[in-house]
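Hi,

Here is the structure I promised to pass on. Have a look at it first, and my notes follow underneath.

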Amino acid sequence: MAINVISEKEPKAGTLGRAELYALAVGQVIGAGVITLIVPAIKMTGYSAWLAYLVAIIFGFVIISPAIFITSTLRLGGGYYSLICDLSGPKWAGVFAFIFLTQCVSLSLFGVAASEYFGDLIPAISSPMAKTVVGASLLTFFFIVNLMGVDIMAKVQKIMTWLLIACLFVFAVVGTTKIKLPIFDFSNKNFMPYGFMNFKDGKLTSGFFTAVLLFVYSCQGYVMNLAYGEDAKNARKDIPWSMLVTVPTLIVLYVGVAIAATGCLSIQEYGKSTSLVYAAKVIFPTALFFIFIIGGPIMALLTTLNSSFAYNSITIGQSCEDGWLPKQFGAKNSRGARKWALLFMYILGLIPILLRFNIQTITNQIQLLGAVMNFLYLFAYVNMPKKYPEAWEKASLHVPDGVFYTDIIFSIAFNLIVLWKSCLSINTSIVVVSLAAIAICFALGFMCAKKGNITIHTSVWAEEDSNVIEQNSI
């Protein structure tokens, strides 16, 4: 049976401008990084944690950089799903549709991390049970916000993101004036106490590069802006712009906060904590301390949680409309929100919270799943200049083909390193379960492609063919 492929007419411009897209990019990336991972990384590599973050930002940019050139050429209505279908072929879109469901577990990371902050801030809710309730409650709140539609979500995101940037910037500036440790002394024994990489019982546990690879997860989230092609006012210019300007933002905020957090407290003073609460107590007077914790760390986590719901529902919704997943699963409510897809994400995000997984375990599992999906994206990128030669030449960020392909090669190499690290950093049983889930998703994708009854709406628009509707069968 055939798979019917329809390339639809490009819709009118959306409502998201540069300010909204920048807020979505920054909000998406920050909560997953400087807030959740910096203290664990300090314990991995000592004073050099700030340098590890700088390297990780560069590392992460290399991995996602091909997508910046792609979005300057194509407007994507269904995010990576549409991209893979158009550039790699329908059956690979089916594989992606199923694999993508597994990475929705990432929502749990932000709920778990936020509960850690509330637990350090309010001792009365520091017990494991109380933290579980807090994490589940936050997940519930943003599930409800996203049910209200993308416009409401974006407005909430913009307000939270500006507050977040202001608080983190103040933390970095004030914190650097209170540094008490020799964190810029490369010869100090505590600068890199565990060397470059350190293994224990066959698992990667500490060291400078281990911290870099942990941080990398937090330096790629802004690539998710490619999913807002249909909602952006000027997608081919504003989306790549929003990604590029996020990079210097990360350098200032991530490295600045890492310098302050590393220089103000020793590893021993952090104790068992994984949050920045204790560092903030040293840096700020009481009144400003509470303002920072709410407006900085907690706001960072909530902005990421908020935008993750939105991004994931767009991609899942597109695969439902095409028939890989049940159409009812992607049904919209009266405000345009995909209610059942959001409910699925909500439930999947709850599972690790209820099982009380820690931040490192969740992060490494997400990185493993993400690395596999990255290969699907990267192999699709290769076909873009040949399929859309005119649009590629007119792209707002055009580079020679050789430069583009070299960029893809580096991205693949870096992605392999992340995959290797993820497999060596978590329990073997979790690796086996994750890889088994991925294998099942591959099988389901190929089975559905063979069975047929699929009508794919590619939702990929290049300027030279924006007014053309094509239909064919495969």
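Ile38, Val39, Pro40, Ala41, Ile42, Met44 and Thr45 are the buried residues of H2, where buried means under 20% relative accessible area, exposed over 50% and partly exposed in between (1.4 Å probe, protein chains only). That is seven of the eight residues of this helix (38–45), so H2 is mostly covered. Right after H2 comes Gly46, with a positive phi near 65°. As for the labels, helices (H or I, at least four residues) and strands (E, at least two) are DSSP runs, numbered from the N terminus.

Before you go further: this is a predicted model, in which local features need pLDDT of at least 70 and side-chain atom pairs count only at pLDDT 80 or more, while totals for chains, interfaces and linings use all residues. Residues are numbered from 1 along each chain as its sequence is written, and side-chain values use heavy atoms, with hydrogens and water left out.

Thr45, from that buried set in H2, also turns up in a pair that is 151 residues apart along the chain: its C-alpha atom and that of Phe196 are separated by 8.5 Å. Phe196 sits in the loop between helix H8 (150–176) and strand E3 (198–200). With a relative accessibility of 48%, Phe196 counts as partly exposed. Leaving out neighbours within four places in sequence, Phe196 is in contact (heavy atoms within 4.5 Å) with Gly207, Phe208, Phe209 and Thr210.

Now the core. The largest nonpolar core has 175 residues, and Ile30, Tyr80, Phe309, Ile316 and Tyr381 touch the most other members. A nonpolar core here is a set of buried Ala, Val, Leu, Ile, Met, Phe, Trp, Tyr and Cys residues joined through side-chain atoms within 4.5 Å. H13 supplies the largest share of this core, 15 residues. In soluble globular proteins, nonpolar side chains tend to be buried together.

Phe309 is worth clicking on. Not counting residues up to four places away in sequence, Phe309 touches Leu107, Leu139, Phe142, Phe143, Asn146, Leu342, Met345 and Tyr346. Phe292 lies in H13 and is buried, at a relative accessible area of 2%. With the same sequence neighbours left out (up to four places away), Phe292 touches Cys167, Leu168, Phe171, Ala280, Phe284 and Pro297. The C-alpha atoms of Phe292 and Ile438 are separated by 40 Å, and the two residues are 146 apart along the chain.

On to the helix pairs. Axes are lines fitted to C-alpha atoms, for helices over the stretch in contact, and angles run from 0 to 180 degrees between N-to-C directions. Angles under 35 degrees count as roughly parallel, over 145 as roughly antiparallel, 65 to 115 as roughly perpendicular and the rest as oblique.

H4 (residues 79–87) packs on H13 (residues 286–322) at about 45°, with the axes 7 Å apart, which makes H4 oblique to H13. Tyr80, Tyr81 and Ser82 of H4 make this contact with Tyr311, Thr315, Gln318, Ser319 and Asp322 of H13. By class, that contact has three nonpolar, four polar and one charged residues; Ala, Val, Leu, Ile, Met, Phe, Trp, Tyr, Cys and Pro count as nonpolar, Asp, Glu, Lys and Arg as charged, and the others, Gly among them, as polar.

What does H6 meet? For H6 (residues 107–121) and H7 (residues 128–147), the axes come within 8 Å and cross at roughly 130°, so the two are oblique to each other. Leu107, Gly111, Ala114, Ser115, Glu116, Phe118 and Gly119 in H6 meet Lys131, Val134, Gly135, Leu138 and Leu139 in H7. Those residues divide into six nonpolar, four polar and two charged.

The axes of H6 and H14 (residues 339–355) also come within 8 Å, crossing at roughly 50°, and H6 is therefore oblique to H14. On the H6 side are Leu107, Ser108, Gly111 and Val112, which meet Met345, Gly349, Pro352 and Ile353 in H14. This contact has five nonpolar, three polar and no charged residues.

One last spot is Gly17, in the loop between strand E1 (3–7) and helix H1 (18–30). At 7% relative accessibility, Gly17 counts as buried. Gly17 and Ser242 are 225 residues apart along the chain, with their C-alpha atoms separated by 9.7 Å.

Cheers
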